[in-house]
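User: Could you take a close look at the largest nonpolar core here and walk me through it?

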Amino acid sequence: MIPEIPASHKIMLPAQRITLIKDILLDKKSIDTSTLSDYLEVSEVTIRKYFDQLEKEGFLKKVHGGAVLNSEENIPASSAKEDALSHNEICIALSASDLVDDGDSIFIGSGSLCFALAAHLHAKKELSVVTTNINAVPHLQKAASNIYLLGGDIQNDGDGFLYSGGPSCLQQLSRIYVNKAFFSVDALDMNAGITTNEVFQIELLKAVTQIAAQPVILASSHIFDRIALHRFGPLQSFPLYVTDNQIPDSYKNYFYSNNVKLISAYNI
């Protein structure tokens with residue numbers, strides 16, 4: 001049985017519905033059209049259109065009356081790092097992946113959320129990816145025609161995820177431009193703003209905002225109302241955040257008041 005969507009979350013964008021469908025199929029492996037139609041409160045015609053899109057991406061296979069998750073040979077095998085991702089991280093990654101279009105040039109930062117995004121880009125085509133996320137490279141090879149791993153000192157973020165850092169990374173970024181950039185940070189607070197525990201991450205954030213048409217922060221709800229050591233700037237320094245549906249209402253109101261776009265993944 002699929003859990004009921006809270007009344008406050010009934011109004012969703014098509015991209016959010018597609019994220020939900022992906023999440024349901026990853027969990028249930030199959031779903032029928034009528035059940036999904038009732039669940040999302042849209043017509044069966046709309047559901048079939050979503051199925052058409054996801055079938056083109058290679059995510060599912062349409063069957064009579066519904067859809068099934070695509071066969072395992074077409075789904076990348078999971079790694080130990082991917083198996084360790086939380087459900088919230090996967091939901092955020094799926095929502096963020098909807099922002100990526102075939103042929104995009106993108107930057108992917110370090111950490112588990114950016115790794116989760118890389119692991120869920122396998123249906124995309126002809127991407128050009130710039131990254132500091134060493135663990136993400138094997139996943140990116142499935143979707144990217146060009147991968148540029150920034151050189152520099154190899155660092156460990158404390159959770160076992162490796163990334164490249166140092167002045168040489170910043171020098172290389174100064175010669176690059178991307179459509180979209182995805183970054184995660186350590187803490188978000190209305191008063192302290194965006195903060196991290198590493199000075200280099202602040203410098204990288206500054207560089208990324210200069211070389212990306214659309215910079216995006218990926219943030220789990222547990223980092224809100226927290227403050228780390230080094231400050232980047234106010235929350236509105238970034239125009240778009242992707243988070244989970246457990247973000248405090250006070251932050252939803254703050255983002256709305258400051259014209260910051262918020263995409264909230266629906267955790268089922």
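Analyst: Sure. The largest nonpolar core has 34 residues, and those touching the most other members are Phe 107, Leu 173, Leu 188, Ile 194, Tyr 241 and Phe 255. By nonpolar core I mean a set of buried Ala, Val, Leu, Ile, Met, Phe, Trp, Tyr and Cys residues joined through side-chain atoms within 4.5 Å, with buried meaning under 20% relative accessible area (1.4 Å probe, protein chains only). Two or more residues each come from helix 8 (167-173), strand 9 (178-184), helix 9 (199-211), strand 12 (212-218) and helix 10 (249-257). Helix 9 gives the largest share, 7 residues. Helices (H or I, at least four residues) and strands (E, at least two) are DSSP runs, numbered from the N terminus.

This is a predicted model, where local features need pLDDT of at least 70 and side-chain atom pairs count only at pLDDT 80 or more, while totals for chains, interfaces and linings use all residues. Residues are numbered from 1 along each chain as its sequence is written, and side-chain values use heavy atoms, with hydrogens and water left out.

Now zoom in on Phe 107. Beyond its neighbours within four places in sequence, Phe 107 is in contact (heavy atoms within 4.5 Å) with residues including Val 130, Leu 150, Leu 173, Phe 182, Leu 204 and Val 208. There's also a second, separate core of 28 residues, with Leu 99, Ile 106, Leu 127 and Ala 144 among them.

As for confidence, pLDDT (the predictor's confidence in each residue, from 0 to 100) averages 86 over the chain, and 90% of the residues score at least 70. Residues 3-10 are below 50, though that stretch has 12 contacts in the model beyond near neighbours in sequence.

Methods: Buried < 20%, exposed > 50% of the residue type's maximum accessible area, 1.4 Å probe, protein only.
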